[in-house]
Amino acid sequence: MKIVTANRLSDGRVIYAGVDNQPVEGLDQASTLDDATAEMVLAEVAGRPDIFVNPYLVEVQDRTPSGRNRLKERIRSAGPTVGHSVAGGVG
């Protein structure tokens with residue numbers, strides 16, 4: 001199974017193609033797709049650059065990223081990492 005992910009044009013946040021190919025922020029809201037449907041959805045959202053920036057397919061198993069990019073996708077799905085490791089900012 002696969003999901004379609006991208007970044008949102010307006011703020012750069014990670015988004016996914018959900019029901020009716022609408023953008024959703026949660027991995028748990030992403031539509032899981034078979035290979036043929038995933039390619040069609042990818043083509044459809046690629047035609048919407050006003051929302052979906054650089055969309056691509058991610059392999060998932062039980063809504064968890066799998067395959068060779070699984071670590072990258074788990075980090076992306078957790079949200080921004082900038083600013084979380086420095087307490088109180090840079091001084």
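In the predicted model, serine 31 touches Lys2, Ile3, Ala17, Gly18 and Val19, residues up to four places away in sequence being left out of the count. Serine 31 belongs to the loop that runs between β3 and α1. Its relative accessible area is 19%, and because the limit for a buried residue is under 20%, serine 31 is classed as buried. A polar atom of the serine 31 side chain lies 3.0 Å from the backbone oxygen of glycine 18. Glycine 18 thus appears both among the residues touched by serine 31 and as the partner in this 3.0 Å approach.

A second buried polar residue is arginine 8, which is located in strand β1. The relative accessible area of arginine 8 is likewise 19%, so this residue also counts as buried. The side chain of arginine 8 is joined to that of aspartate 11 by a polar contact of 3.0 Å. When residues up to four places away in sequence are set aside, arginine 8 touches Arg13, Ile15, Glu25, Ile51 and Val53.

The protein as a whole contains 2 helices and 5 strands, arranged along the sequence in the pattern β-β-β-α-β-β-α. Of its 91 residues, 33% are buried. The exposed surface of the protein amounts to about 5,900 Å², of which 51% is supplied by carbon and sulfur atoms. Among contacts between residues at least 6 apart in sequence, 57% join residues that are at least 24 apart.

In soluble globular proteins, nonpolar side chains tend to be buried together. In the present model, the largest nonpolar core consists of 10 residues: Val4, Ala6, Ile15, Ala17, Leu33, Ala38, Val41, Leu42, Val45 and Phe52. Two or more residues of this core are contributed by each of β1 (2–8), β2 and α1 (35–46). The largest share, 4 residues, is provided by α1. Apart from this core lies another, of 8 residues, including Ile3, Val14, Ala30 and Val58. Valine 41, a member of the largest core, is in contact with Val4, Ala17, Asn21 and Leu33 once its neighbours within four places in sequence are left aside. Ile15, another member of that core, is one of the residues touched by arginine 8. Ala17, also in the largest core, is among the residues touched by serine 31, as is Ile3, which belongs to the other core.

Two aspartates stand out by their backbone geometry. Most residues other than glycine have a negative phi. Aspartate 20, although not a glycine, has a positive phi of about 55°. This residue is placed in the loop between β2 (14–17) and β3 (23–24). Because its relative accessibility is 66%, aspartate 20 counts as exposed. Aspartate 62 is likewise not a glycine and has a positive phi of about 55°. The position of aspartate 62 is in the loop between β4 (52–61) and β5 (64–65). With a relative accessibility of 73%, aspartate 62 is therefore also exposed.

Terms used. Residues numbered from 1 in each chain as written. Predicted model: local features only at pLDDT ≥ 70, side-chain atom pairs only at ≥ 80, totals over all residues. Heavy atoms only, no water. Buried < 20%, exposed > 50% of the residue type's maximum accessible area, 1.4 Å probe, protein only. Contact = heavy atoms within 4.5 Å. Areas by Shrake-Rupley, 256 points an atom, 1.4 Å probe, with all protein chains shown as cover. Core = buried A, V, L, I, M, F, W, Y, C linked by side-chain atoms within 4.5 Å. Polar contact = N/O pair within 3.5 Å; in protein donor to acceptor, adjacent residues only side chain to side chain.
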